[in-house]
Amino acid sequence: MASTTQHKALLKWVSEIERMCRPAHVYWCDGTKAEYDALIKLTLDTGAATRLNPDRRPNSVLFRSHPSDVARVEDRTFISTPDSEDAGPTNNWMDPAELKREMAALYTGCMAGRTLYVIPFSMGPIGSPIAKVGIEITDSPYVVVNMHIMTRVGQKVLDTLGEKGEFIPCLHSVGAPLAPGQKDVAWPCAPIGQKYISHFPDENLIWSYGSGYGGNALLGKKCLALRIASAMARREGWMAEHMLILRLTNPAGRRFHIAAAFPSACGKTNLAMLQPTIPGWKCECIGDDIAWMKIRPDGRLHAINPEAGFFGVAPGTSYKSNPMAMKTIRANSIFTNCVLTDDGDIWWEDMDVPCTHGIDWKGQEWTPDMKDADGKPIKGAHPNARFTAPARQCPVICPDWEDPAGVPIDIFVFGGRRTHVMPLVHQAFDWDHGVFMGATAASEPTAAALDVKVKLRYDPMAMLPFCGYHIGDYWQHWFEMGDRLGEKAPKVFYVNWFRKDGKRWLWPGFGENSRVLKWMCERVEGTAGARRTPLGYMPAPADLDTAGLEVGAADLETLLSVDGNAFRDELDELDAFLKKVGDRLPERMKRQVAAYKQRLGA
Ligand code: O2Y
Ligand code: MN
């Protein structure tokens with residue numbers, strides 16, 4: 001398809017990239033179903049994808065990536081600002097001129113033998129005052145079909161852009177040019193040292209090279225909607241956060257909108273699609289990963305989900321852990337690095353259905369009893385195997401999930417994964433304390449983590465890999481948003497669903513988490529009790545709705561108590577983490593730390 005835009009700057013950028021990358025063809029995406037179907041057919045014909053059994057999984061396909069290209073590559077992710085200080089201590093920095101020189105050398109001729117696709121996409125409902133337009137150039141049909149699901153693609157985006165509208169240029173190549181007559185491979189990509197996921201926040205520009213996987217290649221998601229958008233949000237006075245959005249409706253019909261930030265492996269998609277166990281409460285999903293929030297004329301913070309689909313981790317997703325996700329992916333979905341079953345469906349570990357034989361994510365015959373050389377079970381699906389599915393297919397998608405005005409946020413929730421010490425839930429005393437809670441959110445390292453000396457992994461607001469500028473400036477921006485919101489600021493809470501006694505979980509999680517959300521809503525309404533602790537306000541056991549809950553009184557007491565000694569023991573680690581932020585650590589954060597230490601009697 002040829003270009004249908006009169007946007008001069010866009011046409012100029014595309015022809016510059018064409019000149020540099022030298023593709024065999026150029027194709028402008030129109031976002032239609034016919035286009036999606038044709039590109040899926042292309043990936044089937046080339047052997048890049050396998051069609052799943054239409055009786056089991058209609059209109060769905062499976063891709064297998066190259067074994068070296070299975071996840072985001074944080075070591076190869078760069079925030080490139082003229083002054084290195086502006087990237088801050090949590091990002092890799094490279095000088096923009098040097099980075100562009102290195103990458104331009106790789107980009108030169110990199111699309112030989114391939115088609116250059118131009119994908120006009122909107123992050124957020126088209127025309128929403130909170131939405132932004134991106135244009136992704138890619139040589140990967142896999143990226144195009146995923147972008148069709150994850151964003152709003154096509155002519156209507158170009159129409160919105162008009163002749164002069166602002167767009168974020170996102171350049172992507174798998175980094176695998178084809179010589180004349182050379183046969184393509186199923187998953188082209190470049191070696192790790194040639195992978196670059198580069199962000200130029202001062203220019204609103206993204207350059208990604210060498211990887212075809214997820215967050216490295218679907219540039220609307222982590223690159224645009226978080227790294228570039230967080231920098232834009234700071235400049236423009238709004239917020240781009242790594243947060244799910246949900247609506248909780250109480251039995252009286254009052255709606256509460258919650259935005260929650262969790263690092264990966266904390267059940268974010270499960271919480272986004274939570275089904276309450278408490279009678280009369282209803283939960284609806286608005287988004288599972290990213291929230292863009294602006295202060296609207298009513299003085300409140302309104303959120304949209306900039307995405308249109310879910311790019312969820314497959315392993316662990318089951319009818320028990322997340323029935324709504326399982327229903328969402330029943331059809332019209334793309335799967336990556338899952339097991340292909342003998343009846344042409346997909347499978348992964350902890351799906352809670354048996355699979356006795358299949359083809360694993362590497363394309364090998366697989367049975368669940370297979371072991372590697374060290375005697376460890378060989379997984380059939382890669383741990384970061386993914387499903388890509390349209391959000392509109394979620395049975396509990398909120399009817400207002402595409403409201404261009406967004407939904408007014410009542411509650412912010414932060415969290416991490418802690419088997420000990422951190423109680424089930426606490427509430428910030430005020431906004432600044434809430435910023436401190438989010439900034440110091442931490443998880444225990446997973447067993448696989450190499451650095452055994454580190455007891456905690458701080459992941460401020462779950463933005464550690466996604467904040468596109470200096471983390472100290474980011475916290476300052478949070479404080480300043482609070483000043484503007486005043487009394488209308490969301491109330492801030494911190495949760496930990498993961499307390500253990502030995503191997504036993506103390507809290508059942510999943511739908512039972514609705515009891516904790518209910519307490520939060522009642523705190524917003526001013527109807528629930530709480531006690532003051534050094535961490536913040538916490539429910540006494542009687543303040544939580546525990547009717548029908550199978551948690552013993554002693555466990556509940558443990559979940560809802562604060563061990564001052566344990567928190568005092570962590571202060572050195574906290575100080576070391578904050579010290580890394582250097583002289584851009586906001587004064588207000590220092591005051592919060594001092595107040596926290598004083599409350600702990602340290
Ligand atoms: O590994 C990837 O490329 C995807 S990472 C991802 C995908 C969906 C939602 N969240 C994440 C994340 O890392 O936070
Ligand atoms: Mn995420």
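Start by selecting Asp432: with a relative accessible area of 17% it is buried (buried means under 20% relative accessible area, exposed over 50%, partly exposed in between, using a 1.4 Å probe on protein chains only). Now add Arg588, buried as well at 16%. The two side chains meet in a salt bridge, 3.0 Å from N to O (the rule: a side-chain nitrogen of Lys or Arg within 4 Å of a carboxyl oxygen of Asp or Glu). Asp432 sits in helix 10 and Arg588 in helix 16, so this pair links parts of the chain 156 residues apart; helices here are DSSP runs of H or I with at least four residues, strands are runs of E with at least two, and both are numbered from the N terminus.

A word on what is loaded: this is a predicted model, where local features need pLDDT of at least 70 and side-chain atom pairs count only at pLDDT 80 or more, while totals for chains, interfaces and linings use all residues. Residues are numbered from 1 along each chain as its sequence is written, chains are lettered from A and ligands numbered from 1 in the order in which they are written, and side-chain values use heavy atoms, with hydrogens and water left out.

Stay with helices 10 and 16 and look for empty space. How many cavities of 30 Å³ or more are there? The count comes to one, with a volume of about 240 Å³. For the grid-minded: on a 1 Å grid over the protein atoms alone, a cavity is a set of points where a 1.4 Å probe fits but cannot get out, and lining residues have an atom within 4 Å of a point. Points are joined across faces, edges and corners, and the volume is the space filled by probe spheres set on them.

Select Met422, Phe436, Thr440, Phe567 and Tyr596, which are the closest to the cavity centre of the 18 lining residues. Helix 10 (431–439), helix 15 (571–581) and helix 16 (587–600) each give two or more residues to the lining, and helix 10 gives the most, with three. By class, the lining has 12 nonpolar, three polar and three charged residues (Ala, Val, Leu, Ile, Met, Phe, Trp, Tyr, Cys and Pro count as nonpolar, Asp, Glu, Lys and Arg as charged, the others, Gly among them, as polar).

Next, ligand 2. This manganese ion is coordinated by Lys222 (NZ), His242 (NE2) and Asp289 (OD), at 2.1 to 2.2 Å. Donors are N, O and S atoms within 2.8 Å of the metal (3.2 Å for Na, K and Ca); water is not among the atoms, so sites may look incomplete. Along the chain the donors follow the spacing K-x19-H-x46-D. Lys222 and Asp289 are both buried.

Now jump to Arg515, buried at 3%. Its salt-bridge partner is Asp545, with the closest N and O atoms 3.7 Å apart. Arg515 lies in helix 12, Asp545 in the loop between strand 34 (537–538) and helix 13 (553–559). Asp545 is partly exposed, at 22%.

Just before helix 12 (513–525), pick Glu512, in the loop that follows strand 32 (504–505). Glu512 is buried at 17% and touches Thr277, Trp507 and Leu549, leaving aside residues up to four places away in sequence (contact means heavy atoms within 4.5 Å).

Last stop: Lys33 and Asp37, a salt bridge at 2.7 Å between the closest N and O atoms. Why are they about one helical turn apart? Because they are four residues apart in helix 2 (residues 33–45). Lys33 is exposed at 58%, and Asp37 is partly exposed at 30%.

Conventions: On a 1 Å grid over the protein atoms alone, a cavity is a set of points where a 1.4 Å probe fits but cannot get out, and a pocket is an open set with protein on both sides within 12 Å along at least five of seven lines; lining residues have an atom within 4 Å of a point.
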